[in-house]
Amino acid sequence: MPEGSTPKVVISEFMDEAAIAAELQGFDTLYDPGLVDRPDALAAALKGADALIVRNRTQVRGALLEGAPDLKVVGRLGVGLDNIDVAACRARNIAVYPATGANDGSVAEYVIGTAMLLLRGAYGATAAVAAGTWPRNALMGREIAGKRLGLVGFGAIARETARRAAALDMTVSAHDPFVAPDDPAWNPAYGPVALSSLDALIAESDVLSLHVPLTDGTRGLIGAEAIARMPKGAVLINAARGGVVDEAAVAAALRAGHLGGAALDVFEREPLDAGAGAVFADVPNLVLTPHIAGVTSESNVRVSAVTARAVRRHLTER
């Protein structure tokens with residue numbers, strides 16, 4: 001940018017405003033979390049912009065990139081990059097900064113929390129208890145201790161999940177062809193994590209949690225056939241990416257009683273609309289959340305600060 005000019009930063013999705021004030025002070029900053037749903041307004045805002053900060057819904061590719069000729073950096077309020085054309089950014093020398101590590105614990109807590117909720121199965125009884133039905137026998141659930149947690153993918157978030165699971169006396173196995181068998185990650189301080197084939201992991205896990213990006217190789221990875229090979233009563237959790245799991249197959253397995261529970265935080269189509277969501281109507285033992293596993297009050301502060309700091313550093317150190 002010309003010497004003495006003020007960098008322009010556009011923020012198209014929600015972000016901690018204190019982090020904006022602290023880290024982007026002195027920049028020409030447009031913060032409008034509704035821009036993601038107004039593509040014409042976003043395109044207009046990006047003319048002359050030096051930086052763009054997004055979460056997972058803004059599609060940083062194609063016409064959006066072409067309409068932002070001055071763009072130098074993209075900050076991602078999270079870790080997945082499937083909504084960003086990284087190759088196109090690299091070709092134009094646009095830096096991309098994910099908030100690596102800032103929300104790992106939030107997602108790990110979501111996985112463990114929903115696993116406990118679904119295994120125990122007692123927490124939807126408020127109305128029945130208040131009405132005096134006292135359904136004790138019907139609500140005899142299962143403990144998480146002694147169960148096997150299977151992690152499909154063993155990156156940073158999966159490792160945080162494993163650490164919490166081990167503290168609850170779970171046995172932990174994982175499959176990740178990108179982590180070498182001699183990597184120290186398989187032998188952390190809390191105890192070994194068993195290296196497993198994907199087929200064995202699916203067949204042996206009481207709780208199966210997904211921690212992979214959406215790629216050609218992972219799309220539809222957990223479909224009807226894989227679900228059928230899971231132990232009867234197993235719990236499936238997807239807080240990774242929509243499209244990795246066949247949503248209709250999950251609903252069918254829950255209705256049939258083969259799966260003991262499922263939690264889906266991500267979907268093939270986001271935001272999930274009523275049409276796509278109809279497959280889940282009246283499905284038992286199901287938790288649906290709106291891509292929120294990594295978003296807590298605390299993680300929002302961390303993610304926002306890390307991202308804003310990276311954008312500021314990139315723009316001021318050039």
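In which sense, and over how many bridges, do strand β6 (residues 148-152) and strand β9 (residues 207-210) pair? In this predicted model, the two strands pair in the parallel sense, and four bridges connect β6 with β9. Within this pairing, Gly 150 stands opposite Leu 208, the latter being a residue of β9. Both strands belong to an open sheet of seven strands, in which the order is β8-β7-β6-β9-β10-β11-β12 and the pairing is parallel. The edges of this sheet are occupied by β8 (194-195) and β12 (286-288), and because each of these has a single partner strand, one side of each is left without a neighbour in the sheet.

Parallel pairing also links strands β3, β4 and β5, with β4 as a partner in both of the pairings described here. Strand β3 (residues 51-54) runs parallel to β4 and is joined to it by four bridges, and Ala 51 stands opposite Val 73 of β4. Four bridges likewise join β4 to strand β5 (residues 95-98), again with the two strands running parallel, and here Gly 75 stands opposite Tyr 97 of β5. In a regular strand, side chains alternate between the two faces of the sheet. In strand β4 (residues 73-76), Val 73 and Gly 75 point one way, whereas Val 74 and Arg 76 point the other way, and all of these residues are buried.

Strand β5 also contains Val 96, which counts as partly exposed because its relative accessibility is 21%, the limit for a buried residue being under 20%. Between Val 96 and Asp 273 there is a separation of 177 residues in sequence, and their C-alpha atoms are 30 Å apart in space.

Two domain annotations are listed for the chain by UniProt, both in an unreviewed entry. The annotation "domain: D-isomer specific 2-hydroxyacid dehydrogenase catalytic" is listed by UniProt for residues 39-316; in the model, this span is 36% helix and 14% strand, and its end C-alpha atoms lie 28 Å apart. The annotation "domain: D-isomer specific 2-hydroxyacid dehydrogenase NAD-binding" is given by UniProt for residues 113-293; that span is 29% helix and 15% strand, with 10 Å between its end C-alpha atoms.

The second largest pocket of the model has a volume of about 400 Å³. Its lining comprises 20 residues, of which Gln 59, Asp 82, Leu 214, Phe 267 and Glu 268 are the closest to the centre of the pocket. When the lining of this pocket is divided by class, four residues are nonpolar, seven are polar and nine are charged. Both domain 1 (8-98 + 298-316) and domain 2 (103-284) contribute to the lining of the second largest pocket, with at least three residues drawn from each.

Enclosed space was also examined, and the structure holds one cavity of 30 Å³ or more. The volume of the largest cavity is about 30 Å³, and its lining is formed by Asn 238, Arg 241, Gly 242, Gly 243, Val 244, Val 245, Glu 247, Leu 264 and Val 266. By class, the lining of this cavity consists of four nonpolar, three polar and two charged residues.

Key:
Residues numbered from 1 in each chain as written. Predicted model: local features only at pLDDT ≥ 70, side-chain atom pairs only at ≥ 80, totals over all residues. Heavy atoms only, no water. 1 Å grid on protein atoms, 1.4 Å probe; cavity = no way out; pocket = protein on both sides within 12 Å on 5 of 7 lines; lining within 4 Å. Points joined across faces, edges and corners; volume = space filled by probe spheres on them. Nonpolar A, V, L, I, M, F, W, Y, C, P; charged D, E, K, R; others polar. Domains from an automatic or database assignment. UniProt positions renumbered as here; feature names shortened; annotations may be inferred. Buried < 20%, exposed > 50% of the residue type's maximum accessible area, 1.4 Å probe, protein only. Pairing = 2+ DSSP bridges.
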